[in-house]
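Work through these exercises with the model open beside you. Each task is followed by a solution in steps.

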Amino acid sequence: MPKIKMLEFHNKVMEIYKKLIEVDKDPGWVKYNEENGFVGYTMPGEEGCLAIKSTGTLPCTPIEATGYLTLQQYKPEFDEMYKEGKVVEFYANNMALYNESYKGKLVVSSRDFCFITKKVFEADGSIILPAVSVEDPRVPPTKGNVRARLITCLLYTSPSPRDLSTSRMPSSACKKKKKKK
């Protein structure tokens, strides 16, 4: 396990989950985009972050949705910036260490991430997938990429109350604001 011990990580991601679920309910979200049945929102976050969330309905169950959204072979289908990635190691309790890289755009360099996730299964059928960056000597920054830091991220899917074969996806994330010149 990387520098973070498993119990510490579990506690940290559950704290992130609870915080982001509360942020999700905040009335301060501002709509910025709507595409393919999903709506994107932003809101100023803590520590100079820009909180981002997207909501929509997926035509599959939560377990199918999280599988599709987390398996590297499917990411190019829905994320045009995704370059490559791998699972470095799977751990007990539905935890995994990932390394992923994303294309740059215009004057922004390509980025790579080293992060750990924990898949949490709720009694109501919801699946929560919090993630946070970690440092691990097995995952050095890759040549040509800038090591980015995933401050907090949460993928959350729940069964639709009207149709159990579909999933609601209020997904939240937080990214650092650009520095002002």
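**Exercise 1. A patch on the surface**

Tyr68, Leu71, Tyr74 and Phe78 make a nonpolar surface patch of about 330 Å². This is a predicted model, in which local features need pLDDT of at least 70, side-chain atom pairs count only at pLDDT 80 or more, and totals for chains, interfaces and linings use all residues. Residues are numbered from 1 along each chain as its sequence is written, and side-chain values use heavy atoms, with hydrogens and water left out.

Task: Place Leu71 in the chain and state its exposure.

Solution.
- Step 1. Recall the patch rule: residues with over 30% relative accessible area and no salt bridge, with nonpolar side chains (Val, Leu, Ile, Met, Phe, Trp, Tyr) joined within 5 Å and like charges within 9 Å. Areas come from the Shrake-Rupley method with a 1.4 Å probe, and for residues only the protein chains shown count as cover.
- Step 2. Find the loop between helix H2 (62-70) and helix H3 (75-78); Leu71 sits there. Helices (H or I, at least four residues) and strands (E, at least two) are DSSP runs, numbered from the N terminus.
- Step 3. Read the exposure: Leu71 is partly exposed because its relative accessibility is 37%. The classes are buried (under 20% relative accessible area), exposed (over 50%) and partly exposed in between, with a 1.4 Å probe and protein chains only.

**Exercise 2. A loop neighbour**

Task: Decide whether Gln72 is buried or exposed, and list its contacts.

Solution.
- Step 1. Locate Gln72 in the loop between H2 and H3.
- Step 2. Gln72 has 14% relative accessibility, so it counts as buried.
- Step 3. Beyond its neighbours within four places in sequence, Gln72 contacts Tyr82, Gly85, Lys86, Val87, Tyr98 and Glu100. A contact means heavy atoms within 4.5 Å.

**Exercise 3. Strand pairing**

Task: Trace how S1, S2 and S3 are paired.

Solution.
- Step 1. Strand S1 (residues 30-35) pairs with strand S2 (residues 38-44) in the antiparallel sense, over five bridges. Two strands pair if DSSP finds at least two bridges between them.
- Step 2. Check one bridge: Lys31 has Tyr41 in S2 as its partner.
- Step 3. Look at the turn. S1 and S2 form a hairpin with two residues between them, and Asn36 in the turn has a positive phi of about 50 degrees.
- Step 4. Move on to strand S3 (residues 49-55), which pairs with S2 in the antiparallel sense over six bridges. Val39 has Thr55 in S3 as its bridge partner.

**Exercise 4. A covered strand**

Task: Describe the cover and the partners of S11.

Solution.
- Step 1. Seven of the eight residues of strand S11 (residues 152-159) are buried.
- Step 2. Strand S9 (residues 127-133) runs antiparallel to S11, with five bridges joining them. Ala131 stands opposite Cys153 there.
- Step 3. Strand S12 (residues 167-168) also runs antiparallel to S11, joined by two bridges. Here Pro159 faces Ser167.
- Step 4. Take Thr157, which lies in S11. Thr157 counts as buried because its relative accessibility is 0%. Its contacts outside four places in sequence include Pro62, Ala65 and Thr66.
- Step 5. Pro62, Ala65 and Thr66 are among the buried residues of H2. The buried residues of H2 pack against elements including S9, S11 and S12.

**Exercise 5. Salt bridges**

Task: Which parts of the chain does the bridge between Glu100 and Lys75 tie together?

Solution.
- Step 1. Apply the rule: a side-chain nitrogen of Lys or Arg within 4 Å of a carboxyl oxygen of Asp or Glu. The count is five salt bridges.
- Step 2. Glu100 and Lys75 meet at 2.6 Å, N to O. Glu100 is in strand S6 and Lys75 in helix H3, so the pair ties together parts 25 residues apart in sequence.
- Step 3. Check the cover. Glu100 is buried at 2%, and Lys75 is buried at 10%.

**Exercise 6. Confidence**

Task: Where does pLDDT stay under 50?

Solution.
- Step 1. Begin with the whole protein: mean pLDDT is 79, and 81% of residues reach 70 or more. pLDDT is the predictor's confidence in each residue, from 0 to 100.
- Step 2. The stretch under 50 is residues 177-181, with four contacts beyond four places in sequence.
- Step 3. Where pLDDT is low, the predicted coordinates should not be read in detail.
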